Amino acid sequence: MLEAAIEILLKTVVILALPLGALPLIIHVERRGAAFMQKRLGPNRVGPFGLLQPLADVAKFMFKEEVHPTHVKPFFYTAAPVVALVVALLPLACIPVAGPIEAFGRTIFPEVFRSDMGIFFAFAVSALGSYGILLAGWASNNKYSMLGALRACAQMVSYELSLSTSVVAMIFVYGTNDIHQMISSQTGYWFGVIPQWGFFYQPVAAMLFLVGIFAESNRLPFDLAEGESEIVAGYHLEYSSMKFALFFMAEYIHMIALSALFIIMFFGGYSLLPGFDLIAGNNPALIVVLQVASLVIKVALMIWFFVWVRWTLPRFRYDQLMNLGWERLLPLGIANLIVTVLFVYFRNR
Amino acid sequence: MEFAAFIVFFLIACTLAGVLLGISSLLGQKRKTVREMDIYESGVNPVGSATRQYDIKFYVTAILFLLFDVEIVFLLPWAMAYKETTNTGFMIGGFVFFMVILLVGYIFVINSKALKWEE
């Protein structure tokens with residue numbers, strides 16, 4: 001009993017510390033990446049390569065004045081950033097960082113919440129993300145905030161449809177909802193070099209899912225919740241100091257969690273990168289380390305992709321965004337599902 | 001047992017967010033002026049209330065999302081059950097029937113211009 005409690009606590013701390021510890025680094029990469037693409041230097045004064053800049057920012061957030069305006073709905077105004085952050089953290093609970101580990105005479109699963117409905121659970125809780133935003137917009141009692149929240153929410157639910165259709169197609173292909181089984185069916189190679197990742201089975205679903213991630217985490221080119229010239233900062237307009245920081249953290253953690261899910265479904269999750277299996281050999285401890293490294297490298301590449309897209313593409317117009325979601329991506333997702341199902345049916349007949 | 005782990009995770013996440021908020025309200029500078037407590041409307045005096053009427057399109061979008069999302073939720077257990085059944089013909093027939101209904105509904109929604117944002 002005590003052993004189990006310690007195990008749960010340890011896993012929870014590690015799973016929470018990994019993304020939260022990586023956050024300052026990610027924000028730094030984002031700012032330096034922006035500077036790199038715009039031919040300027042970016043933050044490089046605090047510490048080596050400016051690496052301590054994010055920590056200085058955190059200290060600044062703590063010592064900033066916490067404005068609590070008089071016109072807001074007090075309880076929900078304070079609750080909204082907490083809801084946003086907690087809901088963004090929840091999907092991380094069922095993401096495994098490595099394969100099942102045989103140690104101490106039993107099998108340890110390196111995720112907090114072991115479930116055979118892992119994928120289902122992850123999408124159920126990540127869909128709650130719109131609540132924090134809607135709550136913030138409504139409780140702020142400000143026209144910009146309300147409009148920003150409504151826009152963000154309508155956009156998130158619209159793109160969730162095409163995202164879910166691609167998830168259905170993937171669950172159909174794998175025939176399972178269990179994350180470990182999903183990943184183990186993606187290990188192995190074609191012709192000894194090309195990894196058998198889900199991406200090669202379902203490129204259309206991967207594309208839909210990728211667009212869905214951008215829209216769900218409110219990143220450019222889909223960050224219609226913000227818009228300097230029309231609704232200023234959107235739903236977090238009336239928030240300051242740490243309350244704003246919580247929304248900021250929630251956005252990045254949502255990005256990390258959805259990237260990890262994308263990696264799990266389409267790029268083999270923690271399965272070893274090509275070449276790593278030669279290094280690992282049959283040493284079980286080394287395999288676990290390399291699995292964690294593989295997942296981290298894949299997620300890091302995804303995060304770089306987010307930064308790359310952000311500083312390359314301009315923002316959509318709102319009607320273009322909704323048309324793309326409802327009239328292009330949703331039918332495409334349904335068509336992809338129908339083609340997949342019929343293909344599998346006629347091939348196995 | 002597995003769910004207990006999730007509850008622990010949830011509680012620790014809540015505590016973390018609470019502690020972060022607590023730190024800034026303890027350490028933060030305290031110098032309140034009247035103007036900064038007012039509604040931010042790009043510097044001009046606020047006009048009217050924020051709880052006014054908004055475009056009904058947002059509401060329509062939410063309702064339509066509910067309809068389509070329920071359809072997708074029905075498909076998830078179907079996709080899982082497919083591998084375990086022997087009568088695949090029946091499963092495919094049901095799927096095609098379901099998709100035809102979904103398609104008719106989708107065409108109706110698009111034709112009714114419920115989702116047209118530009119006027």
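**Entry 1: the contact between the chains**

I started with the contact between the two chains, which takes 56 residues from chain A and 50 residues from chain B. The model is predicted, and I keep that in mind for everything below. I then listed the elements of chain A on the side that touches chain B. Those giving two or more residues are α1 (2–37), α2 (53–63), α3 (74–89), α6 (143–174), α10 (241–266) and α13 (318–348) of chain A. Which of them gives the most to that side? I found that α6(A) does, with twelve residues. By class, I have 35 nonpolar, twelve polar and nine charged residues on the side of chain A that touches chain B.

**Entry 2: the fold of chain B**

I looked next at the elements of chain B. I count three helices and zero strands there, and from the N terminus on the order is α-α-α. I compared the radius of gyration with the globule rule: chain B has 25 Å, well over the 14 Å given for 119 residues, so chain B is more spread out than a compact globule. I also noted the extent of the C-alpha trace of chain B along its principal axes, about 70 × 55 × 15 Å. How many of the 119 residues of chain B count as buried? The share I get is 14%.

**Entry 3: a helix pair in chain A**

I picked α10(A) again, since it had come up on the side that touches chain B, and checked its packing with helix α9 (residues 203–216) of chain A. The two pack at an angle of about 175°, with their axes 10 Å apart. Angles over 145 degrees count as roughly antiparallel, so I enter α9(A) as roughly antiparallel to α10(A). From α9(A), the contact is made by A:A206, A:F209, A:L210, A:I213 and A:E216. From α10(A), I list A:L258, A:S259, A:F262 and A:F266. The classes in this contact are seven nonpolar, one polar and one charged.

**Entry 4: confidence**

I left the scores for last. Chain B averages a pLDDT of 82, and 97% of its residues score at least 70. Where in chain B is confidence lowest, and where is it highest? The lowest is helix α1 (residues 2–27) of chain B, at a mean of 84. The highest is helix α3 (residues 88–111) of chain B, at 87. For the complex, I wrote down an ipTM of 0.84 and a pTM of 0.88 from the predictor. A reminder to myself: where pLDDT is low, the predicted coordinates should not be read in detail.

Technical notes. Residues are numbered from 1 along each chain as its sequence is written. Chains are lettered from A and ligands numbered from 1 in the order in which they are written. This is a predicted model: local features need pLDDT of at least 70, side-chain atom pairs count only at pLDDT 80 or more; totals for chains, interfaces and linings use all residues. Helices (H or I, at least four residues) and strands (E, at least two) are DSSP runs, numbered from the N terminus. The radius of gyration is taken over C-alpha atoms; the globule rule is 2.2 Å times the number of residues to the power 0.38. A residue is buried if 20 or more other C-beta atoms lie within 10 Å of its own, exposed if 12 or fewer, and partly exposed in between; C-beta atoms are placed from the backbone. Two residues are in contact if their C-beta atoms, placed from the backbone, lie within 7 Å. Ala, Val, Leu, Ile, Met, Phe, Trp, Tyr, Cys and Pro count as nonpolar, Asp, Glu, Lys and Arg as charged, and the others, Gly among them, as polar. Axes are lines fitted to C-alpha atoms, for helices over the stretch in contact, and angles run from 0 to 180 degrees between N-to-C directions. Angles under 35 degrees count as roughly parallel, over 145 as roughly antiparallel, 65 to 115 as roughly perpendicular and the rest as oblique. pLDDT is the predictor's confidence in each residue, from 0 to 100.
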